[in-house]
Amino acid sequence: MFRYVDCIDAGTEYCPCHLAEKGECIICSQLRGKNFCDCLNWKGTCIYEEFIWNNKKAKRIREFKEFTIENKRLIRDDLLLLQVSVNPYLAKQLNNIGSYVFLKKPGSPLCFATPVSIMDSDIKNNLITMVVKILGVKTKDLLECKDKVELKGPYWNGIQGQIFLKNLKGNEILIVARGVAAAPCVMAAKKLIKANNKIIVVLEKGRGNGNFAKERFKSLGCEVYDVNMINYNDYSLSEEFKNLLLELIKKNNFKVTISGGSDEFHRLYLNFVYALDKSLKFATVNNAIITCGEGICGSCEVKLDRGIIKSCKQQYNPAEVFINLRGEGRK
Amino acid sequence: MKVVVIGGGWAGCAAALQAKKCGAEVILIERTDLLLGLGNVGGIIRNNGRFTAAEEMIALGAGDLFQIADRCARHKNVDFPGHKHATLYDVNIIEAEVRKYLYSMGINILFEKRVVDVEMEGKSIKSVYLHDGTEIEGDVFIETTGSTGPIGNCLRYGNGCSMCILRCPSYGPRISISMRAGVEDLQGLRSDESFGAMSGSCKLEKDSLSKEIREKLDRDGVVVIPVPKEDINMDKLNIKVCQQYALKEFAENIVLLDTGHAKLMTSYYPLEKLRKIPGFERVRFIDPYSGGKANSIRYLSMAPRDNHMKVIGVDNLFVGGEKSGLFVGHTEAIVTGTLAGYNAVRLGIGLNLVELPSTLAVGDIIKFENENKKTLDGLKQRYTFAGAVYFERMKQLDLYTTDIEKIRKKVDGLLLRDFFKNRII
Ligand SMILES: Cc1cc2nc3c(=O)[nH]c(=O)nc-3n(C[C@H](O)[C@H](O)[C@H](O)COP(=O)(O)OP(=O)(O)OC[C@H]3O[C@@H](n4cnc5c(N)ncnc54)[C@H](O)[C@@H]3O)c2cc1C
Ligand code: FES
């Protein structure tokens, strides 16, 4: 299988980072204790060269800054919609597939920092929109924010498999999303539609009035379907959902599908559609526990056959993580 | 039977062409938009023992590329310090000619596609992956990715990226395919035992030189001008790839050759200093663009091979050109690439592999380099028909001659006339 090694920060203004300084760069062999070049993923700049020219130091790390909350309301008992006005730089940088930020209540200690995906970034008004699921200590703390929030960003690794979404033009793409994981899918749909792709979205009906993002997908021009995806008694895909997928895959020529759900859901869904179409490529919402976002703390580690990667910074091929290849010689 | 050639320099072109002539289906993958690699900035052929080697290849039936180079010659029979009877091909036109020829032979060429990984099946390569994840399968693979750069190597072992013809920033870095297949690379050494070597010449824009120099270049193909005493730098000779040009004369003189541009036979030369020389007041570098401060670093990525050009440790991978050893030169790349292409097809259809006879310079150099590379001193040498240790050996063994008839007779005597012309599939 294609060994896909990518650091989402490589080649950006945050590269080289502290990993390079410590001889742990994800991409560059010269910054991983080797003496010769063995570049694992060229993104247009030589990281070693950038490092030398930066006086052998990491670039400055992202820092928390205070911004104003423009809109904050519960759209369900456990879902908080947040709109924050940011500076033009952040608005632009966050207007990308997979972008996320860390949020915390002003004054709260750093360990309260919560990673939150960007659902939309309005670059005219410098307004970003996010949806936070209130789950535990960190998100409850966020709920207490008044008119200010501390924000650190931009980060971009909220979606895995981005290589398959790049340079797509005039293709058909299937997005399948449940719950709060629909938020990053809205951003993905927006960007993919800008590139003239046709997007079909299947959403989990769930409880209440269906997914919060439904109207957003519709207003972007996506074709949207509502289903109940899961049999909860044995956590399997429902017949209704499977039939819809069969029908959609027959009717359309999907190149890529984006899965917005838990890792358990990714596994079920990817295996099911892969069996229908082996040429399908996958992108998945990143569910790792992201704490520092800088590849340092290790809380986001994912085990691949070829070793452990830090999934806050490093990309993987979702097929490599979620698909059970039987007898296909996984290496 | 499908042969996949990775890297479209002289060695890769020769390998692809030979595999095609043998009857295989051939795909040639090149990361830039140009074939010939460093051949786009070289231009010197047939100097000293390279004349013999070119004629041997022609007699062996693998003269196609030499004949194109001859047709693209700007000057023939040029002498310059330490070198005799050189042909200078025009670097501005030759790439298009070679490309046309490879297409006419039915070779499938992929441009702007960089190979980044291999899929193994035991000790064989099953397929290679391009940077975008595309998988390309094949029966036999030939790596001719050269040994130049990439940026990190040019920085660690040189003066940084000089913006050479391989254009890493635009097309991404060279990587070692053999290493991805599990075989450690070998490295060349400089006389002080540091790694690698710096390319030994650069190109000046001819129109930026004085009328007098331009006219002399157009007429004679060569101009020799003494370097101002205070600027003579003998140390620069030691870092050079091209030991055949690492002579005192090249430090004490500016040697210019007309290859379409004015080829300056030194690794790099600070622009301010260069412009002090009469006739050079407006001079500019054209390759590498930053020839005022640096040049590319080479020989950090050779695969261990046998004398059939097969990589030791991988069952179906061959190498040619700089990837296959401390060879310098177009001629050397074509010779080794041709044998790699030929043996790749033999392996693919289950025939035993062949070596070229030592009684020919083209066979002897392949063995001599392989043998010598085993020693520390041998790793400090470069191997070329045009000079340094190997040309000395050619003269001693009476392998060097410019008598074409004699070469043909010798090849006839070995029953090898037009050997490379035979279809074997
Ligand atoms: C400035 C200069 C002047 C020279 N002048 C002369 C001269 O006058 N006469 C002479 O005989 N020799 C000369 N040489 C030396 C000579 O050019 C080289 O030794 C010879 O051309 C090497 O050929 P090659 O095919 O082995 O490698 P290269 O020419 O380096 O070719 C390698 C090719 O592989 C491609 N490649 C690399 N990695 C990948 C990948 N992963 N996927 C796909 N493609 C890839 C590269 O883009 C390149 O096109 C000169 C060299 C330089 C730098
Ligand atoms: S979140 Fe800390 S290393 Fe990834």
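What follows is a chat between a student and a tutor about a predicted model with chains A and B.

Student: Let's start where the chains meet. How many residues does chain A bring to the contact, and how many does chain B bring?
Tutor: Both sides get their own count in this predicted model. Chain B puts in 29 residues, and chain A puts in 20 residues.

Student: Which three residues of chain A lose the most area to chain B?
Tutor: Start with the total: chain A and chain B bury about 2000 Å² between them, with 55% of it on carbon and sulfur atoms. On the chain A side, three residues together make up 34% of what that side buries. They are F2(A), F36(A) and W42(A).

Student: What about charges across that contact? Which residue of chain B meets R3(A) in a salt bridge?
Tutor: The count between the two chains is two salt bridges. In one of the pairs, the side chain of R3(A) meets its partner at 3.0 Å, N to O. That partner is D117(B).

Student: And how do the residues on the chain A side split by class?
Tutor: Polar links first: seven residue pairs are in polar contact between chain A and chain B. As for the residues of chain A that touch chain B, they divide into five charged, three polar and twelve nonpolar.

Student: Now inside chain A. Into which domains is it divided?
Tutor: Going along the chain, residues 6-61 make domain 1 and residues 65-155 make domain 2. The rest of the division is 159-322, which is domain 3.

Student: How much area is buried between domain 2 and domain 3 of chain A?
Tutor: Their centres, taken over C-alpha atoms, are 22 Å apart. In terms of contacts, 24 residues of domain 2 of chain A touch 21 residues of domain 3 of chain A. Carbon and sulfur atoms give 58% of the buried area, and the total is about 1900 Å².

Student: Which three residues supply the most of what domain 2 buries there?
Tutor: Take the area that domain 2 of chain A buries against domain 3 of chain A. Three residues supply 35% of it, more than any other three. Those are N95(A), I97(A) and M119(A).

Student: Which residues form the salt bridge between these two domains?
Tutor: The rule finds one salt bridge across the interface of domain 2 and domain 3 of chain A. There, a nitrogen and an oxygen sit 2.8 Å apart. The side chains belong to K190(A) and D120(A).

Student: Which strand gives the most residues to the domain 2 side?
Tutor: Six residue pairs are in polar contact between domain 2 and domain 3 of chain A. The elements that each supply at least two residues of the domain 2 side include β2 (65-76), β5 (114-117) and β7 (127-133) of chain A. The top contributor, with three residues, is β7(A).

Student: One residue I'm curious about is N171(A). Is it buried or exposed?
Tutor: N171(A) lies in the loop between β9 (159-160) and β10 (172-177) of chain A. Away from its sequence neighbours, N171(A) is in contact with N196(A), N197(A), K198(A) and K255(A), and a polar atom of the N171(A) side chain lies 3.2 Å from the backbone oxygen of K169(A). The cut-off for buried is under 20% relative accessible area. N171(A) has 18%, so the call is buried.

Student: Over to chain B. How far apart are the centres of its two domains?
Tutor: Domain 1 of chain B takes in 2-193 + 297-421, while domain 2 covers 197-287. Taken over C-alpha atoms, the two centres are separated by 27 Å.

Student: How much area do those two domains bury between them?
Tutor: Contacts first: 36 residues of domain 1 of chain B meet 32 residues of domain 2 of chain B. Of the area they bury between them, 56% is on carbon and sulfur atoms, and the total is about 2500 Å².

Student: Which residue does R74(B) meet in a salt bridge?
Tutor: Between domain 1 and domain 2 of chain B, the count is two salt bridges. In the one with R74(B), the N to O distance is 3.6 Å, and the other side chain is that of D218(B).

Student: Last one: which strand gives the most to the domain 1 side?
Tutor: Ten residue pairs are in polar contact across the interface of the two domains of chain B. The elements giving two or more residues to the domain 1 side are β4 (73-80), β5 (83-89) and β17 (297-298) of chain B. With five residues, the one that gives the most is β4(B).

Note on methods: Residues are numbered from 1 along each chain as its sequence is written. Chains are lettered from A and ligands numbered from 1 in the order in which they are written. This is a predicted model: local features need pLDDT of at least 70, side-chain atom pairs count only at pLDDT 80 or more; totals for chains, interfaces and linings use all residues. Side-chain values use heavy atoms; hydrogens and water are left out. Domain bounds come from an automatic or database domain assignment. Contact means heavy atoms within 4.5 Å. Buried area is the accessible area (1.4 Å probe) that two parts lose on being put together, summed over both. A salt bridge is a side-chain nitrogen of Lys or Arg within 4 Å of a carboxyl oxygen of Asp or Glu. A polar contact is a pair of N or O atoms within 3.5 Å; within protein, one must be able to donate a hydrogen and the other to accept it, and residues adjacent in sequence count only if both atoms are side-chain atoms. Helices (H or I, at least four residues) and strands (E, at least two) are DSSP runs, numbered from the N terminus. Buried means under 20% relative accessible area, exposed over 50%, partly exposed in between (1.4 Å probe, protein chains only). Ala, Val, Leu, Ile, Met, Phe, Trp, Tyr, Cys and Pro count as nonpolar, Asp, Glu, Lys and Arg as charged, and the others, Gly among them, as polar. Lists of a residue's contacts leave out its neighbours within four places in sequence.
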